[in-house]
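Me: Please take a close look at the surroundings of the ligand here, and then set that part in its wider context. I would like the criteria behind each term as you go.

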Amino acid sequence: RFPQRVHIVEVGPRDGLQAESKLVPTEVKIELIDRLVGAGVTRIEAASFVSPKWVPQMGDGAAVMAGIERVQGVSYAALTPNMRGLEAAMESNVDEVVIFGAASEAFSMRNINCSVEESVKRFVPVAQRAKEAGLRLRGSLSCSFGCPYQGQVPVDAVVDMVMRFRDLGCDEIDIADTIGVGTMTHVQQVIEQASSVFPLERLAGHFHDTYGQALANIVGALQVGMSVFHSSVAGLGGCPYAKGATGNVATEDLLYLLDGLGIETGIDLDAIVSTGAWMSQKMGKENGSRAGKALAAR
Ligand code: HMG
Ligand code: MG
């Protein structure tokens, strides 16, 4: 019933770090990425070419991209909200770029300082140029299950944005629960509706674990056939424009689940566990992964 193989997109180096107020040294970010790739991660969000005035932590994206060891067969992605971001990402030779919008007007204004309508206009040249350059293009859709400013988000608003991202030429679209409020049947409903306008195998689940629902939501998503999920090592993260939001589902927890279900990922759980323990220590933070903590203590 479940997919045989799941593709994990590791977002720790981007989503995991972007909300940290204390600047993480560039060399730590580089080592984090290299370790994650060493553990078998083949898709990773490595940088974010956004305004450093808005998100200072991501200001060293070019240096991070220049410092990492580029491994063949690994796709390194970066967030690109506008042409300026895209140009920087291209100079850094990324493999995949991410345009990011929201299913909620209020969140769009806070996160990227423009309405949903304007954001789509802004994405047109970014998408066009990215495709011309042969880059993989991903669309990330915040607040697919609820918005910190607006509350409820109708399923239709999600489907509408999925169609817009599809029409922009996105190869993949992330259905993101920015503040982690979704519950399983809601998640299944949204995925089923979204997959009526975009291929299910190119929809990804991006679940923040703020309400402890991420793994349950992933099981629900697996049941309806979703097979791409985002996760963050040690559960690092949050969003600077979603106050109180915690990290994505921890990669260790997700891998523990998938390994238990016999679903292939190509990623070595033990290597992720030691990377998560190492990174938590570097940041002076408690490890946000339950499985990570339990396995590291064994
Ligand atoms: P703006 O202020 O409306 O844009 O910001 P602007 O064009 O007026 O530019 C303002 C200043 O930023 C200017 O500098 C630009 O040059 C500079 P100044 O002239 O004042 O010195 N600038 C840039 N610098 C570097 N790179 C760029 C860039 N663009 C402009 N690309 C903008 C609009 C979109 C730029 C801004 O709102 C922004 O950067 N927002 C990003 C917010 C962000 O990164 N949020 C977190 C990521 S999204 C997320 O986490 C959700 C996700 O995980 C899914 C989920 O969980 O929901 C993906
Ligand atoms: Mg996120």
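Reply: Helices and strands are DSSP runs (H or I over at least four residues for a helix, E over at least two for a strand), numbered from the N terminus. The model is predicted, so local features are given only at pLDDT of at least 70 and side-chain atom pairs only at pLDDT 80 or more, while totals for chains, interfaces and linings use all residues. Residues are numbered from 1 along each chain as its sequence is written, chains are lettered from A and ligands numbered from 1 in the order in which they are written.

The shell around ligand 1 holds 28 residues, of which V50, S51, G85, S142 and T178 come nearest; a residue is counted as near if its C-beta atom, placed from the backbone, lies within 6 Å of the molecule. By class, 13 of the shell residues are nonpolar, twelve are polar and three are charged (Ala, Val, Leu, Ile, Met, Phe, Trp, Tyr, Cys and Pro are nonpolar, Asp, Glu, Lys and Arg charged, and the others, Gly among them, polar). At least two residues of this shell come from each of α1 (12-18), α4 (83-91), α5 (105-112) and β5 (136-142).

Two of these contributors, α4 and α5, can be followed in detail. In α4 the buried residues are G85, L86 and A89, where buried means that 20 or more other C-beta atoms lie within 10 Å of the residue's own, exposed that 12 or fewer do, and partly exposed anything in between, with C-beta atoms placed from the backbone. Viewed down the axis of α4, these buried residues fall within an arc of 100 degrees, so they line one face of the helix; the arc is that of the directions from the helix axis to the C-beta atoms. An α-helix has 3.6 residues a turn, so residues three or four places apart point the same way. The cover over the buried residues of α4 includes β3 (75-79), β4 (96-102) and α6, contact being scored when two C-beta atoms, placed from the backbone, lie within 7 Å. After α4 comes N93, with a positive phi near 65 degrees.

In α5 the buried residues are F107, S108, N111 and I112, and down the axis of α5 they fall within an arc of 105 degrees, so they too line one face of their helix. The buried residues of α5 pack against β4, α6 and β5, and α5 is followed by N113, whose phi is positive, near 60 degrees. Helix α6, named among the partners of both α4 and α5, covers residues 116-132 and includes E118. E118 counts as partly exposed because 13 other C-beta atoms lie within 10 Å, and its C-alpha is 35 Å from that of V219, 101 residues away in sequence.

In the wider chain, the secondary structure comes to twelve helices and eight strands. The radius of gyration is 17 Å, close to the 19 Å that the globule rule gives for 298 residues, so the chain is as compact as a globular protein of that length (the radius is taken over C-alpha atoms, and the rule is 2.2 Å times the number of residues to the power 0.38). Along its principal axes the C-alpha trace spans about 50 × 40 × 35 Å. Buried residues make up 52% of the 298, and among contacts between residues at least 6 apart in sequence, 73% join residues at least 24 apart.

The largest nonpolar core has 93 residues, and A46, A78, V97, L141, V158 and I175 touch the most other members; such a core is a set of buried Ala, Val, Leu, Ile, Met, Phe, Trp, Tyr and Cys residues joined through C-beta atoms within 7 Å. Leaving out residues up to four places away in sequence, A46 touches P13, R14, I33, V64, M65, I68, Y76, A77 and A78.

Elsewhere, S195 sits in the loop between α8 (184-194) and β7 (203-207) and is partly exposed because it has 19 C-beta neighbours inside 10 Å. Beyond its neighbours within four places in sequence, S195 is in contact with L200 and L203. I263, in the loop between α10 (251-261) and α11 (269-283), lies 8.0 Å from F2, C-alpha to C-alpha, although 261 residues separate the two in sequence.
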